[in-house]
Amino acid sequence: MKVSFVIPALNEEGIVGKTIKSIPVEDIEEAGYEVEIIVINNNSTDNTEQEAREAGATVFLEMNRGYGNAYKRGFKEATGDILVMGDADGTYPLEQSMRFINMIIEDGCDFVIGSRFDGTIEEGAMPALHQYIGNPMLTKMLNILFHSHYSDTHCGMRAFTREAYDKMELTAPGMEYAIEMVIEASEKNLRIKEVPISYRKRGGGEAKLSSFDDGWRHIKYMLTRKFN
């Protein structure tokens, strides 16, 4: 079996290489899997692409910017039986990826998602507005509207089988892709589990999230999907 890591990157020079090197390739290979690391350069204007290649990743250029656009391209290019996703900025513990993989193989899960709120959040890693209001509110809203039971719908470290990915109908081009995926996972009756993880401060690059704009886009997406 093959495990594909898919990492979108937009102007992440100075951290994308460290993120790639944090992936426990030797441990995964010793467990009997092939490993490929794919970075989607989302039309960066810095040295992201070269740094990612030098760290050992295969890099594809996606000119259409957007979180969803980058991931859709990445999963199209990936050839693995298990797909692992995470950000390029060092915030997610990709060194703990075997926990996600084992839950798929040993526990029969289709979709595994990290939970920062059941785990630990490093001081300064998440703005207070997001930690205490935004993320909990959006998670609760999604759970009520779509009868799901997530503790952290916006955690970006996830793993799933290729079959699970093919069942999810994912089309959102931007940040809404994150909640589109968890809604699809629930509605397609995938076997879902959460894993407590540690969430760290950004290791570099530039922040992409706009608190109010992206928050409103998520609310609008959920309401439109539910009631249209």
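## Sheet, helix packing and core in a predicted model

Seven bridges join strand β5 (residues 111–121) to strand β7 (residues 192–199), and these two strands run parallel. Within that pairing, Gly-114 of β5 has Val-195 in β7 as its bridge partner. The model described here is a predicted one. Strand β5 is also joined to strand β6 (residues 158–161), in this case by three bridges and with the two strands running antiparallel; Phe-111 stands opposite Phe-160 in β6. The two pairings of β5 are set out below.

| Strand pair | Bridges | Direction | One bridge pair |
|---|---|---|---|
| β5 and β6 | three | antiparallel | Phe-111 and Phe-160 |
| β5 and β7 | seven | parallel | Gly-114 and Val-195 |

Both pairings belong to an open sheet of seven strands, which follow the order β3-β2-β1-β4-β6-β5-β7 with mixed pairing. Because β3 (58–61) and β7 each have a single partner strand, they stand at the edges, and one side of each is left without a neighbour in the sheet. On average, neighbouring strands of this sheet are turned by 25° against each other when direction is ignored.

Turning to the helices, α4 (residues 67–77) packs with α8 (residues 177–187) at an angle of about 60°, and their axes are 9 Å apart. The angle is therefore one that makes α4 oblique to α8. On the α4 side the contact is formed by Tyr-67, Gly-68, Tyr-71, Lys-72 and Phe-75, which meet Tyr-177, Ala-178 and Met-181 in α8. Sorted by class, the residues of this contact are six nonpolar, one polar and one charged.

Several of these residues reappear in the nonpolar interior. The largest nonpolar core has 71 residues, and those with the most contacts inside it are Ile-20, Phe-75, Phe-111, Phe-160, Tyr-177, Met-181 and Met-222. Helix α8 gives the most to this core, with seven residues.

Which residues does Phe-75 contact, leaving aside its neighbours within four places in sequence? Phe-75 is in contact with Tyr-177 and Met-181, with Phe-160, and also with Val-6, Leu-83, Met-85, Arg-162 and Tyr-165. Phe-75 thus touches Tyr-177 and Met-181 of α8 as well as Phe-160, a residue that stands in β6 opposite Phe-111.

Methods: Residues are numbered from 1 along each chain as its sequence is written. This is a predicted model: local features need pLDDT of at least 70, side-chain atom pairs count only at pLDDT 80 or more; totals for chains, interfaces and linings use all residues. Side-chain values use heavy atoms; hydrogens and water are left out. Axes are lines fitted to C-alpha atoms, for helices over the stretch in contact, and angles run from 0 to 180 degrees between N-to-C directions. Helices (H or I, at least four residues) and strands (E, at least two) are DSSP runs, numbered from the N terminus. Angles under 35 degrees count as roughly parallel, over 145 as roughly antiparallel, 65 to 115 as roughly perpendicular and the rest as oblique. Contact means heavy atoms within 4.5 Å. Ala, Val, Leu, Ile, Met, Phe, Trp, Tyr, Cys and Pro count as nonpolar, Asp, Glu, Lys and Arg as charged, and the others, Gly among them, as polar. Two strands pair if DSSP finds at least two bridges between them. A nonpolar core is a set of buried Ala, Val, Leu, Ile, Met, Phe, Trp, Tyr and Cys residues joined through side-chain atoms within 4.5 Å. Buried means under 20% relative accessible area, exposed over 50%, partly exposed in between (1.4 Å probe, protein chains only).
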